[in-house]
Amino acid sequence: MKNEQDKYKRIQINDNDYLIIARSEEIFEGKGRQFFFGDEHDMQLAVFRVKGTLYCVNNICPHRHQDQIHNGIIDDLNIVCPVHYWTYNLQTGQNINQKQGVKSLSSYEIFESDGLVYLEDPKIDLPKWRTNKLETR
Ligand code: FES
């Protein structure tokens, strides 16, 4: 299967790699969108536009590994996982309620220019339990 990361145009800016993942009008205000990268199901991110600004975090909730962050509830600059309501900051991915747990989402640089959405070439960490499974194949 073709690596899905290859479907996005790759460009370099100041020695950093970025992927052009969408046109600006494809990311709607207040609604998450799921993007896949690579062959593994777990390599997916969630992109949001909140008050006009784009944010990108891992789409897999570290609580029970549900790929539902893109369907989360936006609360100011936080995203609430719709499954058990763990809450993360959209800018940093940090879990904002340490009583829920200490695991956080990874966050990724994202911006738009000339009507296109640029995302830092994501190095997506698979959860440990998935990595172990891959190594035993
Ligand atoms: S899977 Fe997200 S809070 Fe439980």
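In which strand does Ser107 lie? The answer is strand E9, and this residue is a good place to return to later in the tour. Welcome to a predicted model of a chain with 137 residues, of which 45% are buried. The chain has one helix and 11 strands.

**The chain as a whole**

- Reading from the N terminus, you meet the elements in the order β-β-β-β-β-β-β-β-β-β-β-α, so the helix closes the series because the run ends in α.
- The accessible surface of the chain is about 7900 Å². Carbon and sulfur atoms account for 47% of that surface.
- Take the contacts between residues at least 6 apart in sequence: 45% of them join residues at least 24 apart.

**Cysteines**

- How many disulfides does the structure hold? It holds zero.
- Cys61 has a relative accessibility of 2% and counts as buried, because buried means under 20%.
- Cys81 is buried as well, and its relative accessible area is 2%.

**The E1–E2 hairpin**

- Strand E1 covers residues 9–13 and strand E2 covers residues 16–23. The two run antiparallel and are joined by five bridges.
- To find one place where these strands face each other, look at Gln12, which stands opposite Asp17 in E2.
- E1 and E2 form a hairpin, with two residues between them. In the turn, Asn14 has a positive phi of about 50°.

**The sheet of E6, E7 and E8**

- Three strands form an open sheet here, in the order E6-E7-E8, and their pairing is antiparallel.
- Which strands are the edge strands of this sheet? They are strand E6 (73–75) and strand E8 (87–89), each of which pairs on one side only.
- On average, neighbouring strands of this sheet are turned by 30° against each other, direction ignored.
- Strand E7 (residues 78–80) is joined to E8 by three bridges, and the two run antiparallel.
- Within this pairing, Ile79 has Tyr88 in E8 as its bridge partner.
- As background, strands of a sheet pair through backbone hydrogen bonds, either parallel or antiparallel.

**The loop between E8 and E9**

- Two residues to look for in this loop are Gln94 and Asn95: Gln94 has its place between E8 and E9, and Asn95 lies in the loop between E8 and strand E9 (107–108).
- Is Asn95 buried or exposed? Asn95 is buried, with a relative accessible area of 3%.
- Leaving aside residues up to four places away in sequence, Asn95 touches Trp86, Thr87, Tyr88, Gln100, Gly101, Lys103 and Ser104.
- Gln94, at 48% relative accessibility, counts as partly exposed, because the limits for that class are 20% and 50%.
- With the same sequence neighbours left out, Gln94 touches Thr87, Tyr88, Asn89 and Ser104.
- The C-alpha atoms of Gln94 and Asn78 are 9.4 Å apart in space, and these two residues are 16 residues apart in sequence.

**Back to Ser107 in E9**

- Ser107 is partly exposed, with a relative accessible area of 30%.
- Not counting residues up to four places away in sequence, Ser107 touches Cys56, Val57, Gln91, Thr92, Gly93 and Glu120.
- What does the side chain of Ser107 reach at 3.5 Å? It reaches the backbone oxygen of Gln91.
- A polar atom of the Ser107 side chain also lies 3.4 Å from the backbone oxygen of Thr92.
- Ser107 and Tyr55 are 52 residues apart along the chain, and their C-alpha atoms are separated by 7.9 Å.

**Towards the C-terminal helix**

- Asp121 lies in the loop between strand E11 (116–120) and helix H1 (128–135).
- Asp121 counts as buried because its relative accessible area is 10%, and the cut-off for buried is under 20%.
- Which residue's side chain joins that of Asp121 in a polar contact of 2.4 Å? It is Arg10, and residue 10 falls within strand E1 (residues 9–13).

How values were computed:
Residues numbered from 1 in each chain as written. Predicted model: local features only at pLDDT ≥ 70, side-chain atom pairs only at ≥ 80, totals over all residues. Heavy atoms only, no water. Disulfide = S-S within 2.5 Å. Buried < 20%, exposed > 50% of the residue type's maximum accessible area, 1.4 Å probe, protein only. Helix = DSSP H or I, 4+ residues; strand = E, 2+ residues; numbered from the N terminus. Contact = heavy atoms within 4.5 Å. Areas by Shrake-Rupley, 256 points an atom, 1.4 Å probe, with all protein chains shown as cover. Pairing = 2+ DSSP bridges. Axes fitted to C-alpha atoms, helices over the stretch in contact; angles between N-to-C directions. Polar contact = N/O pair within 3.5 Å; in protein donor to acceptor, adjacent residues only side chain to side chain.
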